[in-house]
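Please look over the sequence and the coordinates below before reading the exchange between a student and a tutor.

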Amino acid sequence: MNTLEIKNLSKFYGRTKALHNITFDIKPGSILGLIGPNGAGKSTIMKSIVGLTNYSTGSILVNNEKLKKGSRKGLKNVGSMIETPALYGHMTGLQNLKLFNDGSTSDAEIKKIMDETQISSFANKKAKNYSLGMRQRLGIAMALLNHPKLLILDEPMNGLDPQSTHDLRDLLLKLSKRGISILISSHLLDELARIADYYVVINHGKLVKQSDAKSFLSADNAVIKLDTNNNDNGLKAIQNAGLDAHIVDRDIEVKDEGNALNTALKALVDANVDITNVQRQQEDLEESLLNLLTKDKGDK
Amino acid sequence: MFTLLRQELYKQIHGKFYIGWGMIMFLFAMLIGWASNKYNIMSGDVYMTRLSNSIQIILIAMVVFVSTIISNEFASGTIKNLLSRQYSRLQVFLSKLITILFMYVYLIVITFISTYIGRMIFFKSGHIIWKQLGTNLGSYSLFLLLIASAALLISNVAKSGGAAIGIGVAFIFASQIISQLLSILVSHYHWLKWNPFNFMNVNFQLTMPNIDKITLLSNNQMILGTVAYSVLFIFIAGFIFKKRNV
């Protein structure tokens, strides 16, 4: 049973279609990175799941409960932080936490959440005096109340310093190991790449691509970079061996597919070209996303 | 629903509204009691049955409270925390309405106790004319119901708490002026007696003689109309609340 199932989700603002038949799901204990440019529709998807905005057509199932008007039982085990964390400034961090405890989280569990999110040191100060990073951490702590099975986090790493970002990453991985599913959006793609099991790419309200993290990065764009004592001759030898190769930044760049590395090395040896450096490079998430969005733009 | 109510009360207990306005009510009752006694403005019985004339202060306090209880949540974004859970928007709205009722009862109780203390201190008597007190309180409660429900409706579309308070308080004064202007027209066009501003005379009509000749409504019509308009305003406010995107 999936923790979250979204089927053909569409949303209209007047005559403008903001979401186009979005379909994806999240398995228990997995982390799904929702990525795309600003205004792509990521927050609208998240808001639709938690009922902050009404969707036009499609269906959303959370913990096997269909969410519809008048029936929101599925949201009982959903913790969320959408856009910026919303706090009551006149209350302390601890009071904000206690406020949203529906009674199912004990004081000991609240303390554990405070320790995990590292808010204990400032939990007794008024929330109106918090920095953005402190607010983010308290917002995440609030999302962890009431034993969520699904966490929905919209840009949770915004405003966090490197250490806090690292700690949050560890916390999210720990939570996923406990079986909590996480839907997360972030513009910090390097960070996302370290934790996400799956990606869903949204652009102009449409689902452009969804895949597991491994195949998302290795699909088309891994390359081998070779430096030799004679790159012109080396390039000809590699191309004659039937490989897709070019000179990029003075290196020979060969598309890394199949047995490309062995074939390229053999071709260079046979052509008496000395190899001075070999590097295997995989495209990172940011490059993959940019390529994908450029391709999506070109398709239109 | 109980959880929502508990949360609303928790927010109030950790806020300044109840303590601040409670102190204002107490000090106002003392001031009026002292002045009434020293300058012979009103008798001890009138002081008590009119709750030291503090009802007007309660009216302003409640308009401020009603105007901000929803608009502040939208302005600060905290509404997201309330609406992104298993509770329906109707339940959240109802919890707000019940909290408004609790706050009104709280202010009335504080005012009653303060006025009673003032009567004991400044008029050396604890006598209360319960029937008159009940009539005054009932009529003002109806008036407040109408004003507060209109303020709730107006504040539901306001973007910030400050704007909502401004509009709400301005509405109190504007509505009384409009009500008086329309009462002139009512004598010429009888159908105008059903306009909502005419019902803002409800407290006068139920406590003073001959007002029905101006409003052209019986007491029962006045009470039913006031309740009907209030329910309509609350219903529209709830509808807007339900449809509003966050």
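The turns that follow go from one chain as a whole to single helices and then to one residue. This is a predicted model, in which local features need pLDDT of at least 70, side-chain atom pairs count only at pLDDT 80 or more, and totals for chains, interfaces and linings use all residues. Residues are numbered from 1 along each chain as its sequence is written, chains are lettered from A in the order in which they are written, and side-chain values use heavy atoms, with hydrogens and water left out.

Student: What percentage of the residues in chain A is buried?
Tutor: Chain A holds 10 helices and 14 strands, and its C-alpha trace spans about 75 × 45 × 35 Å along the principal axes. Buried means under 20% relative accessible area with a 1.4 Å probe, protein chains only. Of the 300 residues in chain A, the buried share is 52%.

Student: How far apart are the end C-alpha atoms of helix α8 of chain B?
Tutor: Helix α8 of chain B covers residues 161–186, and at 1.5 Å a residue its 26 residues should span 38 Å, where the expected span is 1.5 Å times one less than the number of residues. The distance between the end C-alpha atoms agrees with that expectation, being 35 Å.

Student: On which residue is the kink in α8(B) centred?
Tutor: A bend is the angle between axes fitted to the seven residues ending at a residue and the seven starting there. In α8(B) the kink is about 30°. The buried residues of this helix include G168(B), F171(B) and I172(B), and the kink is centred on F171(B).

Student: Is α2(B) roughly parallel or antiparallel to α4(B)?
Tutor: Helix α2 (residues 17–39) of chain B packs against α4(B) at an angle of about 170°, with the axes 11 Å apart. Angles between N-to-C directions run from 0 to 180 degrees, and those under 35 degrees count as roughly parallel, over 145 as roughly antiparallel. Therefore α2(B) is, with respect to α4(B), roughly antiparallel.

Student: Which residues does A164(B) touch, not counting residues up to four places away in sequence?
Tutor: A164(B) lies in helix α8 of chain B and is buried, with a relative accessible area of 1%. The covering of the buried residues of α8(B) includes α4 (55–76) and α7 (130–155) of chain B. Taking contact as heavy atoms within 4.5 Å, A164(B) touches S67(B), S71(B), S155(B) and A158(B).

How values were computed: Helices (H or I, at least four residues) and strands (E, at least two) are DSSP runs, numbered from the N terminus. Buried means under 20% relative accessible area, exposed over 50%, partly exposed in between (1.4 Å probe, protein chains only). Angles under 35 degrees count as roughly parallel, over 145 as roughly antiparallel, 65 to 115 as roughly perpendicular and the rest as oblique.
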